[in-house]
Amino acid sequence: MGTVTLDDLRKEFDNGQIVAVDDLSLDVTDGEFITVVGPSGCGKSTTLRMLAGLEQPTEGRIAIDGEDVTEIHARSRDVAMVFQNYALYPHKTVQQNMAFGLRMSTDLSKEERDELVYETAEMMGIEELLDDRPNELSGGQKQRVALGRAIVREPDVFLFDEPLSNLDAKLRTSMRTEIQRLQNDLATTSIYVTHDQEEAMTMGDRIVILNDGELQQVGKPKEVYQNPVNKFVGGFVGSPSMNFIDVTADSSGGVLHLRDDSGRFDYAVDADDYPKVSDGDKLSFGIRPENVRVVDASDGIRATVEVVEPIGSDNYLYLDFASDFIARVNSNIEPDPDDTVAVSFDEEDIHLFDGDTGESIA
Ligand code: ATP
């Protein structure tokens, strides 16, 4: 069983000058695939390294399978880590690389180890490479070996630290699917760190979003996409990013107007649906590019098209509501730059955030 519990985990560097991980708590269930995502420096790797036992927490506890491992040495934790740079021994063959962890951590005979390595190599499609050394392998093959070396040990938990970052885009996509397939088959608890929100969204049963060492939100990818708890998560998850417009609330006669400074952007909602919003509140209005619809001139809010960017199936229209405000529309909608269009949104697709704190206003 591979449950993982992080309890108020904190990591400081430089005598507390840097707080890399700030009181992080998380419960991972057995067999779950958790992705951890956030911008550079948000504390992803430090979190993973503490789980692996490569870094000692300043405060807090870590439990694996119910056992407190906070003080336990990396070698004695039943976890296997896969690194971005593969971390293979250059002078050992693939066979020796894969068998090395087994020799260190099990009482198997040489024959039993060889058989396990061969079976795992077959599972990874690298049985032909067992006698090769890492410098004879491509990046994708090296990463398969690194995965095989983790799998062969049958750990309670896999820890992945951006394992696909050094691969080209096409290989990355196919390895992504392969890791998911393996994880499904093996049902081993996995914690997977990436800076790529798309990777995190497509791979994770649940996704953990960090910023500045702090947990922002944890949930199923769809939940996080549909109900971001704050503006940071709203903007981080989804591509292209959520559009934001600074607005002021103006309510009269039961109607709540969300207007920008110029008054040109004006979206009206039923005031009863937003009991937490008061007249004069400064808010950030969020709408995803895929939720912006181009409508007849009389039915929408008018905007000027700045740039039209075709991406094949769809067009991105950059509108002058705010910088980088994108409407993702069908490719048969193809206005020219400087044209005026009218757009609308369904109320269920809009997001409102506090203008100061960025917290979602549900
Ligand atoms: P990246 O995606 O760039 O790898 P990350 O989210 O994995 O970033 P961490 O590597 O965990 O972030 O770093 C979190 C913070 O802790 C950063 O400010 C980083 O500079 C700092 N940090 C990490 N390791 C150390 C260290 N050994 N000494 C001092 N500061 C460190």
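Biologist: Helices here are DSSP runs of H or I with at least four residues, numbered from the N terminus. So what sign of phi does Glu154 take, just after α4?
Modeller: Positive, at about 50°. Bear in mind that this is a predicted model.

Biologist: And α4 itself, how do its end C-alpha atoms fit the expected span?
Modeller: They agree with it, because 14 residues (139-152) at 1.5 Å a residue should span 20 Å, and the end C-alpha atoms are 20 Å apart.

Biologist: Is α4 mostly covered or mostly open?
Modeller: Mostly covered, with 11 of its 14 residues buried. Among them are Lys142, Gln143, Arg144 and Arg149, along with Val145, Leu147 and Ile151.

Biologist: Switching to the ligand. Which residues come nearest?
Modeller: Phe13, Ala20, Ser40, Ser45 and Thr46, out of 13 around the ligand.

Biologist: What's the split by type in that shell?
Modeller: It has 4 nonpolar, 7 polar and 2 charged residues.

Biologist: Which element gives the largest share?
Modeller: α1, with 3 residues. Both α1 (44-52) and β2 (18-28) supply at least two.

Biologist: Last one, Ala303. Where does it lie, and why does it count as buried?
Modeller: Ala303 is in strand β16, residues 301-310. It counts as buried because it has 23 C-beta neighbours inside 10 Å, and the cut-off is 20 or more.

Biologist: What does Ala303 contact, beyond four places in sequence?
Modeller: Leu319, Asp320, Phe321, Val341 and Val343. Val341 is 38 residues away along the chain, yet its C-alpha is 5.5 Å from that of Ala303.

Key. Residues numbered from 1 in each chain as written. Predicted model: local features only at pLDDT ≥ 70, side-chain atom pairs only at ≥ 80, totals over all residues. Buried ≥ 20, exposed ≤ 12 C-beta atoms within 10 Å, placed from the backbone. Contact = placed C-beta atoms within 7 Å. Expected span 1.5 Å × (residues − 1). Near = placed C-beta within 6 Å. Nonpolar A, V, L, I, M, F, W, Y, C, P; charged D, E, K, R; others polar.
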